[in-house]
Amino acid sequence: MSFSAGVITVSDSVHAGVNEDKSGPLIQDILRTRGFERVVSAVASDDEESIRASLKLILSLKVDCVFTTGGTGFGERDITPEAISPLLERQAPGLVHLLLSSSLKHTPLAVLSRPLAGTIGKTLVVTLPGSTKAVRENLDALLSNGVLDHALDLTKGGSGKVVHAALGSGHTPIVGEEHACGHHHRPGCVAPKPRTTLSHDPSVPGTQDQPT
């Protein structure tokens, strides 16, 4: 299964052409390395109208997920969560918890980040910080263990069984091999690790409650 993505850089200075966009291209490179076949991008200023207009533009291109970068902190102009939240149809608090917990492993200041995640139609939307370091940490958490693949499979109407099967097999794909997440394994692509005994998918063998 192949996926597509949109990346929106939220920054007054980048939008004005004063500063170079570093986090947006980084996200694009990481996603392409992970096998995303189509990645589109946009730049918005730290303004609710600009952010929403950019998001709607990216959504019109029918991508499977959208990542924003920037505007999630406590700065006066950091309003990305406020701009996007009213547009979300379903919140994804579990993904937010994952982003925060992964960042807290690196710095206690991660508590000052205000990530947001949820779906609009069949598209998953996730807000990431503006720093390249935090972007790498957050994407690593989402791309490890099949989390993002599983989420996108479900939002596209799949059952998630393909990813569950990959996690259960313990198979480690080699470079150039197509694994169960639906794309060819390339350098930098982390193979899913074996799943735990318990799973939220009752159709997967071995998901029954274990004695304590």
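Six nonpolar, six polar and two charged residues make up the lining of the second largest pocket, which is the starting point of this tour. The model on screen is a predicted one.

**The pocket**

Select S103, A110, P129, S131 and A134: of the 14 lining residues, these lie nearest the centre of the second largest pocket. The space inside the second largest pocket comes to about 200 Å³. Now colour helix 5 (93-104) and helix 6 (132-143), the elements that each give two or more residues to this lining. Helix 6 supplies the largest share, with four residues.

**Helix 5**

Next, select helix 5 alone and look at its two ends. The end C-alpha atoms of helix 5 are 16 Å apart, which agrees with the 16 Å that its 12 residues should span at 1.5 Å a residue.

Show the side chains of L95, V96, L99, S102 and S103, the buried residues of helix 5. Because these residues cover an arc of only 135° around the axis, they sit on the same side of helix 5. In an α-helix there are 3.6 residues a turn, so residues three or four places apart point the same way.

Turn to the other side of helix 5 and select P93 and H97, which are exposed there.

**What covers the buried side**

Which elements cover the buried residues of helix 5? Add strand 5 (117-120), strand 6 (123-128), helix 6 and helix 7 (147-155) to the view; the cover includes these four elements. Helix 6 thus appears at two stops: in the cover over the buried residues of helix 5, and in the lining of the second largest pocket.

Methods. Residues are numbered from 1 along each chain as its sequence is written. This is a predicted model: local features need pLDDT of at least 70, side-chain atom pairs count only at pLDDT 80 or more; totals for chains, interfaces and linings use all residues. Side-chain values use heavy atoms; hydrogens and water are left out. On a 1 Å grid over the protein atoms alone, a cavity is a set of points where a 1.4 Å probe fits but cannot get out, and a pocket is an open set with protein on both sides within 12 Å along at least five of seven lines; lining residues have an atom within 4 Å of a point. Grid points are joined across faces, edges and corners, and a volume is the space filled by probe spheres set on the points. Ala, Val, Leu, Ile, Met, Phe, Trp, Tyr, Cys and Pro count as nonpolar, Asp, Glu, Lys and Arg as charged, and the others, Gly among them, as polar. The expected span of a helix is 1.5 Å times one less than its number of residues. Buried means under 20% relative accessible area, exposed over 50%, partly exposed in between (1.4 Å probe, protein chains only). The arc is that of the directions from the helix axis to the C-beta atoms. Contact means heavy atoms within 4.5 Å.
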